[in-house]
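Trainee: Could you please teach me how to read the features of a structure like the one shown here?

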Amino acid sequence: MKCILALKALYEKRESAMKLGLFFHKFKKRILSMTQDRQPEITSECMQLLRLISEHYVGVFSSMEYVFLFQFVYAAYRPMATAAGELICKRLLAPPPQEGFFGQNPPDEFDRNIQNMKTLIDFYLQGEFHRHVPYLVDGLWDAAPALVRNWECMTALLLEPRGGRQALTSQQERVLIEILVAAVRQAAEGHPPAGRELGKRAAREVDGTRRWRERASMSRHFVKVLPQLLSKFAADKEKVTPLLQIPQYCNLDVYDKDGLGSYLDSALLELDCLVQRHSDVAVLEACARAYGAYCCEGGSAHCQAAPACSRLVDMLVDALTPLLDVFLQHEKQGQFLGHHEMGRICSTLRRLVAFYSTHDLSSWNLYEKMDSLLTLRRHQGSMPTEVIHCALQCTYYALLWQIVAATDRLPPQDALLDLRRRLMKFCVACRVYLSHQSKVLSEKAFILLCDLLLILSHQGPEDTGLGLLFFVPDHILQGKLLSFVREHVFLEESGSEGPSRIYKEDDADELHELFHRRNMLAVFCKLVVYNVLDLSAAAEIYQFYLKHYHHFGDIIKETMTRTRQNDRLRNALSLLLCLQQLFQKHMDTYGLNYDPIELICGPFYSIRLLARRFALTLGFDRAREAAHLIQRRGLAYAFSEAPVAEAEGGRQRYPNLCFLLLLAEFSCKIPPAERGTALAHFQDSIPEGVPSFGEGDMNPLLVYRKSLMKTDYVPQTEEEEEPAANPFDAICKESKRPQELPAATCSTWTPDTLASSSAGDREPRTASRGRKSKRDIFDVDFLSSEDSDNSSNEDVDVEGISVQGGSD
């Protein structure tokens with residue numbers, strides 16, 4: 001840092017900078033590599049230094065080197081992104097010089113901004129960078145405010161007629177709309193997008209009065225041009241959908257203050273046309289949210305927007321009612337409607353579902369119509385999947401709005417009993433559709449059921465009124481939810497990589513499928529975190545922690561962290577139960593096999609690796625109680641079953657004695673001062689006449705005993721290497737066999753997955769005597785950051801925007 005700051009001071013003056021040409025050409029590669037330093041402060045200062053160098057020397061960087069530097073505008077560290085944005089402004093967006101002495105007058109500022117905006121769009125399209133427009137806008141927010149906050153320039157480009165002088169292509173229009181919406185959001189919210197670190201020396205937030213004026217100016221502009229934009233791009237759903245987000249970020253009070261009421265009528269008319277024109281779910285939901293922004297109570301647009309929204313819903317309900325009557329009559333008679341009529345029913349239902357998610361439509365009594373559809377499906381057994389899908393969603397929203405109304409104003413007990421009956425009926429319907437042959441329908445039923453169970457479990461039974469709505473799932477329903485997660489979330493990936501597969505940009509369908517699986521797992525884990533499900537549900541999920549670490553490891557780890565914050569002892573019991581289930585499955589599969597090679601290299605070692613990871617999740621502070629609980633319950637489980645006689649030798653062995661090898665991984669969490677007490681408790685727990693098997697380090701009793709000892713120091717000569725802290729590890733180091741788990745239990749732990757996971761999951765090796773290992777330092781830093789109580793959240797996934805790699 002001192003070297004870079006000293007060089008910056010020299011390169012800021014042209015006299016000294018021109019004397020450093022030979023120096024820079026000698027250390028050019030080194031300075032370029034420092035943009036990938038581990039310290040983000042150094043990277044930002046280095047980028048500023050390179051910007052200064054590029055100003056003094058012509059042609060100092062090649063085109064590929066500029067491409068390398070431009071990509072840092074997507075970096076996760078905001079000062080680094082801003083410095084890269086300044087470099088982009090200097091090299092790409094600078095005003096062109098005047099040509100010749102008698103050349104034409106230079107273009108005015110508006111035309112220059114239009115040309116710079118086109119250049120920025122081409123830079124985004126042609127660059128092989130990450131497709132994250134909000135991060136590009138934030139990188140240029142302070143570097144080029146006259147460009148990314150020039151609403152007149154961007155809207156003028158978008159409203160340019162087809163074939164005009166400044167007209168854009170369709171792809172350029174799509175990118176410009178994304179840039180426009182990202183800039184509007186940042187101007188309204190005043191903070192960068194999620195995942196971008198501000199830095200230690202972040203500038204102070206803009207004054208509130210100034211920010212309010214900028215937002216008011218932005219709102220006055222967009223209330224005038226938004227109807228024109230919606231009208232021009234009404235036919236393109238990919239372009240009109242982001243434009244519908246603009247009303248959420250504008251100050252709609254300008255309609256009354258500035259006399260812009262006519263523009264409100266135009267905007268509402270365009271919204272009405274979009275709802276009738278499109279049947280795509282994304283467009284309809286965006287329209288519903290835009291209506292919600294206009295219909296906000298207390299706003300100046302409420303008086304005009306609320307009646308317009310009511311008229312639109314009336315029209316949709318009036319169109320749906322006769323269609324449903326004819327459809328139900330045909331279904332009861334065993335007849336079917338035509339394709340055109342079914343399409344009208346589905347499109348109308350999609351529109352109503354989109355509005356029901358944002359607006360309370362209880363006065364239209366849609367619940368009775370949707371309930372008749374669901375009841376008919378269960379009795380008749382034939383109905384289009386999309387109709388059931390929309391009926392489930394509409395019924396779910398209707399019940400939610402009724403719960404909200406009951407929370408705001410407590411209704412009579414008869415009304416609460418009727419609401420409870422409806423809720424239980426909907427839960428039964430979702431439970432039936434969990435096993436539906438349609439994958440889309442079964443997944444939707446699963447998500448709706450989990451969300452509703454989470455809501456109902458928080459209607460405390462101690463409340464005098466809403467306690468009637470309290471409901472928790474029974475063991476049968478919990479078993480169905482667990483079976484659904486195992487069958488639809490934790491799938492066996494195709495290919496050689498299996499669950500460790502890393503998707504690429506071309507695998508769009510697979511990524512979309514993975515997103516849905518992650519969503520379903522997150523919804524289910526919420527029930528675990530808030531104690532809606534039993535410990536067995538958490539234990540079932542934890543079994544897949546290592547095998548599906550690449551795809552679901554962050555969700556499962558966050559579940560462990562949240563449950564640990566809620567109740568440390570309950571979390572410890574769930575971890576112990578998970579290991580007991582895996583151990584029992586292993587014993588059922590392989591029997592009483594005490595082959596030392598199998599214990600070291602076989603499926604049992606993968607369970608031991610999982611136990612090691614569980615021990616790390618306990619944290620460092622206040623982990624002693626959880627560790628003691630695991631030790632006590634684990635010892636009781638190890639000696640719980642009666643000994644079994646061997647076929648040869650006539651000796652008797654305890655079936656669960658190898659479980660002590662898993663308990664040894666938690667001994668490090670017991671404070672050294674208390675390990676003597678734990679050792680005494682262990683010796684007292686051993687039944688009389690327990691025979692030992694295995695020699696030396698293969699004896700589970702000996703391994704567990706040594707893990708509780710304060711020190712295992714043995715005098716040695718200079719030629720000998722220090723022994724491992726756990727004698728079991730010394731044997732494992734020499735093993736080369738791949739680690740596998742029993743089928744349908746825990747994960748397959750390979751060297752590739754071990755290398756890709758956290759370094760803190762491996763125990764540091766002790767260096768030879770007389771030398772100090774460098775890895776110990778990094779292991780301690782990692783453990784202290786991962787397992788402390790304060791670090792409860794996973795890092796935001798910004799790998800798509802941050803720069804990969806780094807210099808040592």
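Mentor: We will go through the overall make-up, a pair of helices, some salt bridges and one residue in turn.

Trainee: What kind of model is this, and how are the residues numbered?

Mentor: This is a predicted model, in which local features need pLDDT of at least 70 and side-chain atom pairs count only at pLDDT 80 or more, while totals for chains, interfaces and linings use all residues. Residues are numbered from 1 along each chain as its sequence is written, and side-chain values use heavy atoms, with hydrogens and water left out.

Trainee: How many helices and strands does the protein chain have?

Mentor: Helices (H or I, at least four residues) and strands (E, at least two) are DSSP runs, numbered from the N terminus. Here the protein chain comes to 38 helices and two strands.

Trainee: What percentage of the residues is buried?

Mentor: Buried means under 20% relative accessible area, exposed means over 50%, and partly exposed lies in between (1.4 Å probe, protein chains only). Of the 808 residues in the protein chain, 50% are buried.

Trainee: How do I read the way in which helices H19 and H20 cross?

Mentor: One fits lines, the axes, to C-alpha atoms, for helices over the stretch in contact, and takes the angle from 0 to 180 degrees between N-to-C directions. Angles under 35 degrees count as roughly parallel, over 145 as roughly antiparallel, 65 to 115 as roughly perpendicular and the rest as oblique. The axes of H19 (residues 302–332) and H20 (residues 339–356) come within 10 Å and cross at roughly 140°, which means that H19 is oblique to H20.

Trainee: Which residues of H19 and H20 make the contact, and what are their classes?

Mentor: Contact means heavy atoms within 4.5 Å. Among the residues involved are Leu312, Leu316 and Phe327 of H19 and Ile345, Arg351 and Phe355 of H20. For classes, Ala, Val, Leu, Ile, Met, Phe, Trp, Tyr, Cys and Pro count as nonpolar, Asp, Glu, Lys and Arg as charged, and the others, Gly among them, as polar. By this scheme the contact of H19 with H20 has 14 nonpolar, one polar and two charged residues.

Trainee: How many salt bridges are there, and what does Asp142 pair with?

Mentor: A salt bridge is a side-chain nitrogen of Lys or Arg within 4 Å of a carboxyl oxygen of Asp or Glu. The structure holds 27 salt bridges. In one of them Asp142 pairs with Arg78, their closest N and O atoms being 3.1 Å apart. Asp142 lies in the loop between helix H9 (133–139) and helix H10 (145–148) and Arg78 in helix H7 (residues 78–91), so the pair ties together parts that are 64 residues apart in sequence. Asp142 is partly exposed at 43% relative accessibility, whereas Arg78 is buried at 14%. Both belong to a network of salt bridges that also links Asp138, Arg149, Arg196 and Glu214.

Trainee: Where do Lys439 and Glu513 lie?

Mentor: The side chains of Lys439 and Glu513 meet in a salt bridge (2.5 Å, N to O). Lys439 is in helix H24 (residues 439–456) and Glu513 in helix H26 (residues 508–529), 74 residues apart.

Trainee: Is Leu268 buried or exposed?

Mentor: Leu268, in helix H17 (residues 261–277), counts as buried at 7% relative accessibility. Not counting residues up to four places away in sequence, Leu268 touches Tyr291, Tyr294, Gln304, Ala305 and Ala308.
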